[in-house]
Structure formats: C-alpha cells, structure tokens
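Subject: Structure handover and notes

Dear colleague,

I am passing on the structure we spoke about, together with the notes I made while going through it. Please read them with the structure open beside you.

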Amino acid sequence: MNAHEIDYEIFGEEMQYVELELDPQEAVIAEAGNFMMMDNGIKMDTIFGDGSKQTEGFLGKVLGAGKRLLTGESLFMTIFSNEGSGKKKISFASPYPGKVIALDLSEYRGKFICQKDAFLCAAKGVSIGVEFSRKLGRGFFGGEGFIMQKLEGDGMAFVHSGGTTAKKVLAPGEKLKVDTGCIIGFTQDVDYNIEFIGGIKNSLFGGEGLFYATLTGPGTVFIQSLPFSRLASRVFAAAPQGGGKDKGEGSILGGLGDMLSGDNRF
C-alpha cells in the first residue's frame, strides 16, 4: 500500500485548519463537511468507499464501505485530485474548537485507531475502516468509545480533537484511566478496555458516568479535553427549553437588560 506523499501546514490556535499541497495527480480523501477551500485546478469527486483498494472486487468494496455505516458515516467519501500542471493547495477545517493532529502512519507501523468522528482527511491510499471490539465489556458499556475507526496505510492522515490535546506515551504495562469520550485515538499495541467505576455514591452522585476506559501500554495515546458530546450537552442544557426565555445569565438586569440591548422577545 503506497499512499500519495503530500506536504501540509496547520494554521490557527483554537479553530485550526490544515492546508495540503498537492503535486500534479496527487489526491486526498475526506469526509463530507470537512472541506474549507481549494485552488482552481483541483477536481472533486464522490467515490464509493475510500479508494484505497482499487483492485478489490465490487463485493469487497460494498462490505468495506458498509461497515462505515456502523460508525454513523456515509457509504461515500470525497476525493480531491490535482489535475493541473503545478502544485495546488486545499484546506480542511475542524468542525468545532480544537486541534488538528497530523499522523504519519508509517511511524505507527501502518495503523492508528481513533474515535469514530475524529477523522478529518488523509492522503489517497490510506484505508479508513472499522475497528471492532472483541471484548464483551466494551460492547455493552463502551458508549462513545465502543466502535472505533482504524486508519491503515503508509501515508499522512489527519484527525481533529476538541479543546486541548494531550499526548501520552505509555510504557509496557502502564495503565491510563480516561473518560471514554476524551479518547482521540491510540496506536495498535495499546490494550483498550472498559471498567466499572464502583461504589454506590460514585454511581449515583458522581456525575461522571458509571464506566471509564482503561488504556494499557505499550503505545501512544492522544486525549482531548473537550469531547464534542460534552460540548453539545452543555450548549443544550443552557439553551431555553420548551420555548421559554433564558435567565439573563451574566447580567444583573436579567430580562430588562435583554430589552435594552434590543432583544424584544416576550
């Protein structure tokens, strides 16, 4: 498997995007909705699967793409190809505040496992599949972290995280306990499992869920400080419910302050 070799640069701080430089006939694949901008001369096409196994039969492509439905993704991906005569640039942006992480899969022995919604884009030739759990505990209680994506190949792949990123290199036997939603991804040698927090008070009043993920080395783990599910739940909780008004949070004038600022809702 030989992926296209692409150059890149990451811009921004809290809302990052990655700019890829494509030589003639080079291409990059991405999930729908991640595209930001591109130079004239780059052609966009929708393909079935990820385009990494051109010699595979139709049935194999159907099965491979069908597994992606389990992660909530589409059967199709978008490929952007440089069909011009010179170098062209294309950019992809993170869908929410966080960081873009560049992964050279050749440095991770050709495989990296990540959260199902972390993938941003990759060089053509990188395979995007599904990593199934063989452990019963993960299947029943894994939640966000149960069905993982696997990125395979020898090229560059880019994933995004929420908030700030922490990179942990675990020694053999070293264990890290993490909220399941805070996992971005990890290398293939890391053992991933789900454990019960334990304790009646923790279960009823802890507010952190009943289970957490345990990651055991050796290997490299990437952790995010703000999972999208956590961000979405906070936004939903703060939004007015049932058509009611908000509480004027942050203002001692409350509703009167809203009227003075031009908000005329009653």
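I begin with a salt bridge between the side chains of Lys87 and Glu21, whose N to O distance is 3.9 Å. This pair links distant parts of the chain, since Lys87 sits in the loop between strand 6 (76-82) and strand 7 whereas Glu21 belongs to strand 2, 66 residues apart. Lys87 counts as partly exposed at 48% relative accessibility, and Glu21 is likewise partly exposed, with a relative accessible area of 22%. The pair does not stand alone, for Glu21, Asp23 and Lys87 are linked in a network of salt bridges.

Before going further I should say that this is a predicted model. The average pLDDT of the protein chain is 78, and 69% of the residues score at least 70. Residues 138-145 call for particular care: pLDDT stays under 50 there, although the model has 18 contacts beyond four places in sequence for this stretch. Where pLDDT is low, the predicted coordinates should not be read in detail.

Overall composition

The protein chain has 266 residues, of which 41% count as buried, and its secondary structure comes to five helices and 19 strands. Among contacts between residues at least 6 apart in sequence, 78% join residues at least 24 apart. The accessible surface of the chain comes to about 14400 Å², and carbon and sulfur atoms account for 55% of that area.

Other salt bridges

The count of salt bridges comes to eight. One of them joins the side chains of Glu19 and Lys89 at 3.6 Å, N to O, and this pair, too, links distant parts of the chain, with Glu19 in strand 2 (residues 17-22) and Lys89 in strand 7 (residues 88-93), 70 residues apart. The two partners differ in their cover: because its relative accessible area is 16%, under the 20% limit, Glu19 is buried, whereas Lys89, at 35%, is partly exposed.

Another of the salt bridges is formed by Lys111 and Glu131, whose closest N and O atoms are 3.2 Å apart. Lys111 lies in strand 9 (residues 111-115) and Glu131 in strand 11 (residues 127-131), so the pair ties together parts that are 20 residues apart in sequence. Here Lys111 is buried, with a relative accessible area of 16%, and Glu131 also counts as buried, at 18% relative accessibility.

The sheets

Strand 11 brings me to the sheets, and to an open one of six strands in the order 11-12-9-16-19-14, with antiparallel pairing. Strand 11 and strand 14 (165-170) stand at its edges, each with a single partner strand, so one side of each is left without a neighbour in the sheet. On average, neighbouring strands of this sheet are turned by 20° against each other, direction ignored. Within the sheet, strand 11 pairs with strand 12 (residues 148-152) in the antiparallel sense over five bridges, and Val130 stands opposite Gln149 in strand 12.

A further open sheet, also made of six strands and antiparallel in its pairing, has the order 5-6-3-10-13-8. Its edges are strand 5 (42-48) and strand 8 (98-104), and because each has a single partner strand, one side of each is left without a neighbour in the sheet. In this sheet as well, neighbouring strands are turned by 20° against each other on average, direction ignored. Strand 10 (residues 119-123) and strand 13 (residues 156-162) pair in the antiparallel sense over three bridges, and the bridge partner of Cys121 is Phe158 in strand 13.

Strand 18 and its partners

Finally, I would draw your attention to strand 18 (residues 211-216), which is mostly covered, five of its six residues being buried. Strand 15 (residues 175-178) pairs with strand 18 in the antiparallel sense over four bridges, with Leu176 standing opposite Leu215 in strand 18. Strand 17 (residues 191-196) is joined to strand 18 by six bridges, and these two strands also run antiparallel; the bridge partner of Asp191 in strand 18 is Thr216.

With best wishes

Technical notes
Residues are numbered from 1 along each chain as its sequence is written. This is a predicted model: local features need pLDDT of at least 70, side-chain atom pairs count only at pLDDT 80 or more; totals for chains, interfaces and linings use all residues. Side-chain values use heavy atoms; hydrogens and water are left out. pLDDT is the predictor's confidence in each residue, from 0 to 100. Contact means heavy atoms within 4.5 Å. Buried means under 20% relative accessible area, exposed over 50%, partly exposed in between (1.4 Å probe, protein chains only). Accessible areas come from the Shrake-Rupley method with a 1.4 Å probe; for residues, only the protein chains shown count as cover. A salt bridge is a side-chain nitrogen of Lys or Arg within 4 Å of a carboxyl oxygen of Asp or Glu. Two strands pair if DSSP finds at least two bridges between them. Axes are lines fitted to C-alpha atoms, for helices over the stretch in contact, and angles run from 0 to 180 degrees between N-to-C directions.
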